[in-house]
Structures are given as C-alpha cells and as structure tokens.
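Here is a short tour of one protein model. It moves from charged pairs to the overall fold, and then to the annotated spans.

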Amino acid sequence: MDSWSWLVLAVLTGLSVRWTVSLNSYSGAGKPPMYGDYEAQRHWQEITYNLPVTQWYFNTSDNNLQYWGLDYPPLTAYHSFLCAYVANIIDPRWIALNTSRGYESPQHKLFMRATVFIVDVLIYIPAVVLYCFSIRETSIKQKISMVFCILLYPGLILVDYGHFQYPFTYIIQKYCIKHL
C-alpha cells in the first residue's frame with residue numbers, strides 16, 4: 001500500500017475504535033442524583049443555552065453550582081452552548097432549564113456521542129495529522145506510525161468516549177492561553 005492508504009487506514013482505525021467505545025455505557029448511567037459525567041455535560045448545555053453568559057459561572061436560583069456547576073474554562077462553555085443549540089433544534093426536552101435534570105435517553109446518548117465524534121473529525125484528527133506531517137527529519141513511515149499511536153491513545157479515547165467528557169476543548173484552551 002502507498003503512504004496515503006496507510007494514513008487513511010490509521011484515521012479510519014482511530015474513528016472505528018472511538019465509535020466502538022462509545023457504544024458502551026458510561027459512569028453514572030441511571031444513578032441519581034448526579035448521574036455521572038454524561039449528566040454534567042448535558043447540564044452544562046442546559047445552563048449555557050438557557051442562561052445569560054454572566055450567570056454561567058455563578059450560583060443563582062437557576063444555576064445551582066452544587067449540581068454540576070460549570071467549572072471548565074469559557075471555550076468549553078461555548079462548545080457546550082453550540083452543542084445545546086443543536087440539541088434544542090432536535091429535542092428541546094434535552095436541555096430544558098431545571099426540568100431536564102437526569103434526562104437520559106438512547107437518542108440523547110447518541111447525540112452526545114456524535115458531538116464528541118464530530119469534534120474529533122473536524123478538529124482533533126486533522127490537527128494530529130498536520131502535526132505529525134509537519135515534523136521534519138522523519139520518514140513518511142514514522143509520521144504515519146505517529147498518527148496511529150496518537151489516534152489510538154487509550155487515555156483520550158476512554159475519557160472522551162467511555163467516561164463522557166470533552167477534554168479536547170479544555171486542552172486547546174489551556175494551550176492557547178499558555179502560548180498566546
């Protein structure tokens with residue numbers, strides 16, 4: 001196979017492993033009162049969509065910080081807002097202020113998993129490929145091997161797809177703050 005075929009195989013393998021992990025359950029599924037990180041991410045969408053930006057990080061009658069208060073940097077909050085905007089178009093019950101707490105459904109789980117997948121396809125995977133191919137003094141074989149290793153790194157796959165978080169936006173924000 002030529003090198004582009006190996007690169008496509010690396011990306012497709014990374015995507016397949018991600019989606020396979022996402023088919024499993026998640027921590028806190030069906031366990032009130034907090035329901036785990038799935039509920040945290042869903043709740044952050046609820047908060048960012050329904051409340052003004054000035055209330056996202058403050059305790060109010062509509063934003064009880066003891067119930068999964070938004071504690072990630074603003075880029076993550078805006079990512080939650082974007083996901084919530086789409087969620088509201090599909091089914092407003094998913095992010096209804098105060099009444100959606102603990103909401104779990106197969107359709108919403110699919111939506112949440114798909115948002116992680118789409119962010120990986122649009123941002124993370126192209127960044128990995130560009131990074132690996134920008135490294136000088138390495139062969140094409142080594143560059144493709146690096147893509148394979150990074151895309152199959154179990155830590156991010158398990159956190160993003162198994163545990164139910166979006167740490168990628170947090171990582172990007174921390175990098176930007178540090179280097180800009």
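A salt bridge here is a side-chain nitrogen of Lys or Arg within 4 Å of a carboxyl oxygen of Asp or Glu. By this rule the count in the protein comes to four. The model is a predicted one.

## Charged pairs

Side chains of opposite charge can pair when their charged atoms come close. The protein has 12 positive and 11 negative side chains. The centres of these two sets lie 6 Å apart.

Three of the pairs are set out below.

| Pair | N to O distance |
|---|---|
| Asp120 and Arg18 | 2.8 Å |
| Arg42 and Glu39 | 2.7 Å |
| Arg93 and Asp91 | 2.6 Å |

Start with the salt bridge between Asp120 and Arg18. Asp120 lies in helix H4 (residues 106-134) and Arg18 in helix H1 (residues 3-22), so the pair ties together parts that are 102 residues apart in sequence. Both Asp120 and Arg18 are buried.

The salt bridge between Arg42 and Glu39 sits within one helix. Both residues belong to helix H2 (residues 36-50). They are three residues apart, about one turn of the helix. Are these two side chains buried or exposed? Arg42 is buried, because its relative accessible area is 0% and buried means under 20%. Glu39 is buried too, with a relative accessible area of 0%. The pair also belongs to a wider group: Glu39, Arg42 and Glu46 are linked in a network of salt bridges.

Arg93 and Asp91 form another salt bridge. Here the two partners fall into opposite classes. Arg93 has 53% relative accessibility and so counts as exposed, since exposed means over 50%. Asp91 has a relative accessible area of 12% and is buried.

## The overall fold

Which elements make up the protein? It has seven helices and zero strands. Read along the sequence, the pattern is α-α-α-α-α-α-α.

The C-alpha trace spans about 60 × 40 × 25 Å along its principal axes. Of the 180 residues in the protein, 42% are buried. The protein exposes about 9,900 Å². Carbon and sulfur atoms supply 67% of that area.

How do contacts spread along the sequence? Take those between residues at least 6 apart in sequence: 73% of them join residues at least 24 apart. The salt bridge of Asp120 and Arg18 joins parts that are 102 residues apart.

## Annotated spans

UniProt, in an unreviewed entry, places the feature "signal peptide" at residues 1-22. In the model this span is 91% helix and 0% strand. Its end C-alpha atoms lie 30 Å apart. Helix H1 covers residues 3-22, and Arg18 lies in it.

An unreviewed UniProt entry also gives the annotation "transmembrane region". Where does this annotation fall? According to the record, it covers residues 110-133 and 145-164.

Residues 110-133 are 100% helix and 0% strand. The end C-alpha atoms of this span are 33 Å apart. Helix H4 runs over residues 106-134, and Asp120 lies in it.

Residues 145-164 are 85% helix and 0% strand. There the end C-alpha atoms are 27 Å apart.

Back to the long-range pair, then. Asp120 meets Arg18 at 2.8 Å, N to O. Asp120 is in helix H4 and Arg18 in helix H1, and both residues are buried.

Key
Residues numbered from 1 in each chain as written. Predicted model: local features only at pLDDT ≥ 70, side-chain atom pairs only at ≥ 80, totals over all residues. Heavy atoms only, no water. UniProt positions renumbered as here; feature names shortened; annotations may be inferred. Helix = DSSP H or I, 4+ residues; strand = E, 2+ residues; numbered from the N terminus. Buried < 20%, exposed > 50% of the residue type's maximum accessible area, 1.4 Å probe, protein only. Contact = heavy atoms within 4.5 Å. Areas by Shrake-Rupley, 256 points an atom, 1.4 Å probe, with all protein chains shown as cover. Lys, Arg positive; Asp, Glu negative; His and termini not counted. Charge placed at Lys NZ, Arg CZ, Asp CG, Glu CD.
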